[in-house]
Amino acid sequence: MLRIEGLCAGYGEIQVLTDVKLDVGRGEIVAIVGANGAGKSTLLRTIMGSLAARRGTVRFEDASISGLPAHRIAERGIRLVPEGRRVFPNLSVEENLLTGMYLAPRAESARRLQRVFALFPVLAERRRQLASTLSGGQQQMLALGRALVGEPKLLMLDEPSLGLAPKAVEEIFLTLAELRGVDSGILLVEQNARKALALADRGYVLEQGRVALEGRASDLGSDESVINAYLGGNA
Ligand code: ATP
C-alpha cells in the first residue's frame, strides 16, 4: 500500500534521512524504532508532505504522492497523529473530532463520531468539555480519534506513548491492536521499542537516518543484541 524507495530528506544543510526504503502492506502494522534523533519523525513528516523529499519516491496505492502538499495526501487517505498530540485546547472534544472530518460527507459525521465514542467511551462522556481539561492519555485518545474519523487507509502515529502514564499507554496500544487488519495499515513510530515491536507485524530500525535493520517484529523484539546495539538497551 505504501512503498518508499531511496528517500532522502533533511532541514537546510542537514541531511537526516538517507536512502530509506520501507513498505507498509494493507492491514499491516509496521513499527519504526530507533534512538532519539534517528529521523523517525522526519520520515513521517516527509510521507505526510509537510517536509519535501530531496530524493526518492513515496508511492501510495500505486500512485506517486511525492511532492504533493499535505492536504492532498490527506485526501488520498493518510492521517498522522502527531507527536505531542496537538489537540486544539480551546475546542471541545466533539469539535476537535469534527476537525478531522472536513473531507467527509456531512451525513457521515454522526456514524463516525459514534465509532470513536465506542472505542473511547470517556470521550463520549466528555464530548462537551474543552480538550485542555483532558488528561494526557485522554488527549492522546482524542488525537487518535481525530485521525480515525477521517477513516484513513494508512494511519501514522508519532510517539503515541510519549509522556503518558503506563495505564494510558496500555490503553492506547490495546486500541491499536483492535484496529489491526481490515483494510487499513498502521505505521507506528515509537521510542518504546519493545512495546511497538510487540504490537507490530514488521519493524524497521532507523539509525542516523538509515534503515539499519528490518524484519518480523517478533524477531527484532526478541533479539537482545538488536535491543542493545540499536536501542541503547533501554527500550
Ligand atoms: P525524537 O524521538 O527525538 O523525535 P526522531 O528519531 O523522531 O527523534 P527527528 O525528530 O526526525 O528524530 O530528528 C532527526 C534529526 O533532525 C535530529 O538531529 C534533529 O535535531 C533534526 N531536526 C528535526 N527537526 C528539525 C527542524 N525542524 N530543523 C532542523 N533540524 C531538525
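This is a short dialogue between a student and a tutor about reading a predicted model.

Student: Before we start, what kind of model are we looking at?

Tutor: A predicted one, so let's keep that in mind as we go. Where shall we begin?

Student: With the strands, please. How many strands form the open sheet, and in what order?

Tutor: Here is a general idea to hold on to: along a regular strand, side chains point to one face of the sheet and then the other, in alternation. In this structure, four strands make an open sheet, and reading across it gives E2-E1-E4-E5, with antiparallel pairing.

Student: Which strands are at the edges?

Tutor: Strand E2 (14-24) and strand E5 (63-64) are the edge strands, each pairing on one side only.

Student: How many bridges link strand E1 and strand E4?

Tutor: Five bridges hold E1 (residues 2-11) against E4 (residues 55-60), and the two pair in the antiparallel sense. You can follow some of the partners by eye. Arg 3 is opposite Arg 59 in E4, while Ile 4 has Val 58 of E4 as its bridge partner.

Student: And how does E4 connect with E5?

Tutor: Through two bridges, with the strands running antiparallel. Look at Arg 59 again: its bridge partner in E5 is Ser 64. Together E4 and E5 form a hairpin with two residues between them, and Glu 61 in that turn has a positive phi of about 50°.

Student: Which residue has a positive phi in the turn of the hairpin formed by E9 and E10?

Tutor: That is Gln 208, with a phi of about 45°; this hairpin has two residues between its strands. Six bridges pair E9 (residues 202-207) with E10 (residues 210-216) in the antiparallel sense. One place to look is Tyr 204, which stands opposite Glu 214 in E10.

Student: Now the pockets. How much space lies in the largest pocket?

Tutor: The general idea is that a probe the size of a water molecule, rolled over the atoms, reveals where empty space remains. In this model, the largest pocket holds about 490 Å³ of space. Its lining has 21 residues, and those closest to the centre are Met 48, Leu 80, Val 81, Pro 82 and Arg 146.

Student: Which elements give two or more residues to that lining?

Tutor: They are helix H1 (40-48), helix H2 (70-76), strand E6 (78-81) and helix H6 (136-148). H1 supplies the largest share, four residues. By class, the lining of the largest pocket has eleven nonpolar, four polar and six charged residues.

Student: There is a ligand too. Which residues come nearest to the ligand?

Tutor: Asn 36, Gly 37, Lys 40, Ser 41 and Thr 42 come nearest, out of 14 residues around the ligand. The largest share of this shell, four residues, is from H1. Sorted by class, the shell contains four nonpolar, six polar and four charged residues.

Student: What distances should I look for between side chains and the ligand?

Tutor: Start with Gln 191, where a side-chain N or O atom is 2.9 Å from a ligand oxygen atom. Next, a polar side-chain atom of Glu 159 is 3.3 Å from an oxygen atom of the ligand. Then find Tyr 11, whose side chain has an N or O atom 3.5 Å from a ligand nitrogen atom.

Student: How much of the ligand does the protein bury?

Tutor: The protein buries 62% of the 630 Å² that the ligand exposes when taken alone.

Note on methods:
Residues numbered from 1 in each chain as written. Predicted model: local features only at pLDDT ≥ 70, side-chain atom pairs only at ≥ 80, totals over all residues. Heavy atoms only, no water. 1 Å grid on protein atoms, 1.4 Å probe; cavity = no way out; pocket = protein on both sides within 12 Å on 5 of 7 lines; lining within 4 Å. Points joined across faces, edges and corners; volume = space filled by probe spheres on them. Nonpolar A, V, L, I, M, F, W, Y, C, P; charged D, E, K, R; others polar. Near = heavy atom within 4 Å. Polar contact = N/O pair within 3.5 Å; in protein donor to acceptor, adjacent residues only side chain to side chain. Areas by Shrake-Rupley, 256 points an atom, 1.4 Å probe, with all protein chains shown as cover. Pairing = 2+ DSSP bridges.
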